[in-house]
Each structure stands twice: as structure tokens, then as C-alpha cells.
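Biologist: I would like a close look at a single part of this model, taken slowly and with its surroundings described.

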Amino acid sequence: MATPHIAAEKGDFAKTVLMPGDPLRAKFIAENFLENAVLVNNVRGIQGYTGEYRGKKVSVMASGMGMPSISIYAYELYNFFGVENIIRVGTAGGMNKDVHLRDIVLGQGACTDTNFALQYGLNGNLCPIADFSLLKKAYDIGNEMGLSIHVGNLYSTDVFYNDDSTNTEKWSKLGVLAVEMEAAALYMTAQRFGKKALAICTVSDHLLTGESTSAEERQTTFTDMMKLALEVALTSSFSEKKK
Ligand code: HPA
């Protein structure tokens with residue numbers, strides 16, 4: 001069974017899919033963290049792998065960049081491949097003075113400048129929020145791992161190079177922790193179809209201080225974030241089995 005963007009069979013994906021933006025990251029996760037990983041999708045180079053982590057079936061597939069891209073993969077995985085949980089594992093730009101380079105931000109909510117929710121025809125604004133069970137598990141496990149974790153609002157933007165130089169400051173003033181480009185559409189897609197989603201982001205650069213991480217630092221922090229996401233995936237597949 002193939003969808004327009006995923007050439008795989010229904011059973012090819014686990015209930016939980018970890019979703020980095022970059023296809024090479026998906027490959028890295030499969031090669032370094034999963035056992036018996038098999039490539040299940042490679043349409044447009046969006047590599048998807050399914051393997052085992054500590055004996056549990058887990059998948060990892062890239063989202064590409066931006067909300068149109070992640071929403072396509074989330075829609076198809078949730079609706080056609082039996083996926084229940086999508087955990088985005090990405091990078092974000094820090095927008096708050098208490099959030100530092102290499103910290104982890106769990107997106108409790110995702111503010112956005114996208115018009116993605118117009119399709120729902122609401123007479124107000126939808127709040128894109130994380131699934132609380134995934135959020136709580138990530139927070140608890142991350143703290144046990146000794147990671148520096150923040151929970152709060154992300155800002156999911158359609159615009160990387162914003163023409164308005166005051167944009168960051170305006171969102172920052174409202175307590176937003178970090179900016180990225182995918183979480184809001186992932187959350188809305190999960191909400192629409194009664195599925196679960198969480199965005200876990202490491203702070204790769206800081207918009208208030210101008211600092212950024214080296215490639216090596218990004219690799220280390222990415223590894224911590226992956227371990228966290230995989231541990232969350234483990235616990236969520238346990239709870240699915242109990243149902
Ligand atoms: N803007 C948008 N997305 C990002 C950024 C940023 O500065 N850093 C990491 N992801």
C-alpha cells in the first residue's frame with residue numbers, strides 16, 4: 001500500500017515514529033540506536049526505518065523542513081499506517097534568556113504564524129498542544145537523565161528569514177521559549193485525528209545572544225535528545241499494550 005509520499009506496507013511502521021527534520025539524522029538514529037533496522041520508505045529521500053530499541057518496535061522517519069512537509073508525513077502515518085505517536089526530535093533557536101544553548105525544550109504548546117488551521121473553518125484560534133502523556137514522560141525521563149529541560153511554548157514559523165527585525169522580540173516578550181518550523185502543524189494534525197504528538201527540541205542557536213553550537217556539539221546534544229525520545233517511545237508502547 002502506498003500513499004502519495006510513503007511507499008510502504010501498513011505493518012512497516014511501529015506505533016511510535018521518531019521524526020527528525022533531516023533524512024540523514026533518521027539514518028543516523030537507525031544505524032546507531034536501533035537493532036535490525038530496515039529501510040521502509042525512501043520516497044523523495046525521506047528515509048524511514050523500522051527497527052527495535054531494547055526489544056520494542058520503533059520507527060524513525062524524517063519530516064523535511066517546515067509545516068507543509070511535516071503535516072504531509074504526519075497525516076499519512078496517522079491515517080494510513082496505524083501510527084499513534086509521533087515524536088519530533090529537532091533543533092530550535094532559543095528566544096528566552098533562561099533557555100541556553102544545548103538545553104532541551106519540550107513544546108507544551110506551539111504558537112504559530114501559519115495559516116494551517118484555516119482549513120478547519122473555526123471562528124477563533126486553535127491551540128496546538130502536545131499530548132500530555134508524552135510530555136509528562138519526556139519531562140520525567142529527561143530529568144532522571146539529568147538533562148537541562150524547559151517546558152513551554154514553541155513558536156512554529158513559516159518564515160526562517162523574517163523581514164521584520166522586531167519579530168523575535170515580540171514573541172519573546174510573551175514568554176515563548178524557542179523557534180522552530182514544524183511543531184504547530186504536527187500538533188494540529190495529531191489533534192485532528194485523535195493521535196499523539198510531542199516536539200522535543202535542542203537549542204542549536206540563540207536568537208537573543210547570537211550564539212550557535214558547533215557541529216560536534218549538535219551531534220552530542222542530538223544524541224541525548226534521541227535517547228530521551230527513545231525512552232519515551234519505550235514507555236508509550238508499554239502503555240499501548242496494556243489497553
Ligand atoms: N528559526 C527557525 N527554525 C530554527 C531556528 C531558527 O532560528 N533554529 C533552529 N531551527
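Which residues in H5 are buried? Please go on from there to what lies around the helix.

Modeller: This is a predicted model, and what follows should be read with that in mind. The buried residues of H5 are Ala183, Ala184, Ala185, Leu186, Tyr187, Met188, Thr189 and Ala190. Because eight of the 10 residues of H5 are buried, the helix is largely enclosed by the rest of the structure. The elements that the buried residues of H5 pack against are H2, S5, strand S6 (104-112), strand S7 (149-156), S8 and S9.

Of these surroundings, helix H2 can be described in some detail. Two packed helices are described by the angle between their axes and the distance between the axes. For helix H2 (residues 67-80) and helix H5 (residues 183-192), the packing angle is about 25° and the axes lie 8 Å apart. Since angles under 35 degrees count as roughly parallel, H2 is roughly parallel to H5. The crossing of H2 and H5 is right-handed. On the side of H2, the contact is made by Met67, Ile70, Ser71, Ala74, Tyr75 and Tyr78, and on the side of H5 by Ala184, Ala185, Leu186, Thr189 and Ala190. Sorted by character, the residues in this contact of H2 with H5 comprise nine nonpolar and two polar ones, with no charged residue.

Ala190 offers a view of the same region from a single residue. Ala190 lies in helix H5, and its relative accessible area is 3%, so it counts as buried. If neighbours within four places in sequence are left aside, Ala190 is in contact with Tyr78, Lys195, Lys196 and Ala197; Tyr78 also belongs to the H2 side of the contact between the helices. As for a more remote part of the chain, Asn32 is 158 residues away from Ala190 in sequence, and the C-alpha atoms of the two are separated by 28 Å. After H5 the chain comes to Gly194, whose phi is positive, near 65°.

Strand S5, another of the elements that the buried residues of H5 pack against, is itself mostly covered. Nine of the 10 residues of S5 (residues 85-94) are buried. In a regular strand the side chains alternate between the two faces of the sheet. Strand S1 (residues 16-19) runs parallel to S5 and is joined to it by four bridges, with Asn85 of S5 as the bridge partner of Thr16. The pairing of S5 with strand S9 (residues 196-206) is also in the parallel sense and extends over 10 bridges, and here Arg88 stands opposite Ala199 in S9. With strand S8 (residues 178-180), by contrast, S5 runs antiparallel, and two bridges join them; in this pairing Gly93 stands opposite Val179 in S8. Both S8 and S9 are thus named twice in this account, as bridge partners of S5 and among the elements that the buried residues of H5 pack against.

Conventions: Residues numbered from 1 in each chain as written. Predicted model: local features only at pLDDT ≥ 70, side-chain atom pairs only at ≥ 80, totals over all residues. Heavy atoms only, no water. Axes fitted to C-alpha atoms, helices over the stretch in contact; angles between N-to-C directions. Parallel < 35°, antiparallel > 145°, perpendicular 65-115°, else oblique. Left-handed = near helix turned anticlockwise from the far one by under 90°. Contact = heavy atoms within 4.5 Å. Nonpolar A, V, L, I, M, F, W, Y, C, P; charged D, E, K, R; others polar. Buried < 20%, exposed > 50% of the residue type's maximum accessible area, 1.4 Å probe, protein only. Pairing = 2+ DSSP bridges.
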